[in-house]
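The following exercises concern the fold and the helix packing of a single protein chain. Please examine the sequence and the structure before reading each solution.

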Amino acid sequence: MVHADTHKFLASEAKHWGKIWKPLFDQVWKTASVDSATADMLDLLLLDDGSSSYQILMKNIGYSEIICALFLLLNTSASFGALFLAAIMAGATYTHIAMKDDKALIPGVLGALCLLVFILPSRSTPKKASDKPKKN
């Protein structure tokens, strides 16, 4: 369960996020020549249910972050999770800068750390002594 005060704060902020991202999504749909019915459906699935609360956007971001965290736990797909999470943090940083608030530093630093996880080589499992080639 999410802490009640945290949920209340994030839910109140989501409507501001939506006002920033809705025009960007509309531009993407227009550039991709998506018809209006499909664009409306995509808005309902990705952004808002028509209530202008943008709770759908908030939930989709949260689900994406959880999936990325699970990928980070798996050594084989950690780089994918780190890259996708860095993209989410770049979006969060952009959102805070566009809102002109002072909260852009935290997602920026987290995004940079995710890029480090992506760039740096992951730990591989150590080789066993029995895996070494035998000398004749």
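**Exercise 1.** Which residues does Val-34 touch, not counting residues up to four places away in sequence?

Solution. The model is a predicted one, in which local features need pLDDT of at least 70, side-chain atom pairs count only at pLDDT 80 or more, and totals for chains, interfaces and linings use all residues. Residues are numbered from 1 along each chain as its sequence is written, and side-chain values use heavy atoms, with hydrogens and water left out.
- Step 1: Locate Val-34 in the loop between H1 and helix H2 (36-46); helices are DSSP runs of H or I with at least four residues, strands are runs of E with at least two, and both are numbered from the N terminus.
- Step 2: Apply the contact criterion, heavy atoms within 4.5 Å. With the sequence neighbours up to four places away set aside, Val-34 touches Trp-29, Ala-39 and Leu-42.
- Step 3: Classify Val-34 as partly exposed, because its relative accessibility is 27% (buried means under 20% relative accessible area, exposed over 50%, partly exposed in between, with a 1.4 Å probe and protein chains only).

**Exercise 2.** Describe the secondary structure and the surface of the protein chain.

Solution.
- Step 1: Five helices and zero strands make up the secondary structure of the protein chain, giving the pattern α-α-α-α-α along the sequence.
- Step 2: Among the 136 residues of the protein chain, 23% count as buried.
- Step 3: The exposed area of the protein chain is about 10100 Å², of which carbon and sulfur atoms supply 67% (Shrake-Rupley method, 1.4 Å probe).

**Exercise 3.** How do H3 and H4 pack, and which residues make the contact?

Solution.
- Step 1: The axes of helix H3 (residues 55-73) and helix H4 (residues 78-98) come within 7 Å and cross at roughly 150 degrees. Axes are lines fitted to C-alpha atoms, for helices over the stretch in contact, and angles run from 0 to 180 degrees between N-to-C directions.
- Step 2: H3 is therefore roughly antiparallel to H4 (under 35 degrees counts as roughly parallel, over 145 as roughly antiparallel, 65 to 115 as roughly perpendicular and the rest as oblique).
- Step 3: The residues in contact include Ile-61, Cys-68 and Phe-71 of H3, and Phe-80, Leu-85 and Met-89 of H4.
- Step 4: By class, the contact of H3 with H4 has 11 nonpolar, two polar and one charged residues (Ala, Val, Leu, Ile, Met, Phe, Trp, Tyr, Cys and Pro count as nonpolar, Asp, Glu, Lys and Arg as charged, and the others, Gly among them, as polar).

**Exercise 4.** Determine how H1 packs against H4 and H3.

Solution.
- Step 1: Helix H1 (residues 4-31) and H4 pack at about 110 degrees, with their axes 10 Å apart; H1 and H4 are therefore roughly perpendicular to each other.
- Step 2: Trp-17, Ile-20, Trp-21 and Leu-24 in H1 meet Gly-91, Tyr-94, Thr-95 and Ala-98 in H4.
- Step 3: The axes of H1 and H3 come within 8 Å and cross at roughly 110 degrees, which makes H1 roughly perpendicular to H3.
- Step 4: Residues of the contact between H1 and H3 include Leu-10, Ala-14 and Trp-17 of H1, and Leu-57 and Met-58 of H3.

**Exercise 5.** Where does Lys-100 lie, and is Lys-100 buried or exposed?

Solution.
- Step 1: Lys-100 is in the loop between H4 and helix H5 (105-119).
- Step 2: Lys-100 counts as exposed, because its relative accessibility is 74%.
- Step 3: Phi of Lys-100 is near 55 degrees, a positive value in a residue other than glycine. Most residues other than glycine have a negative phi.
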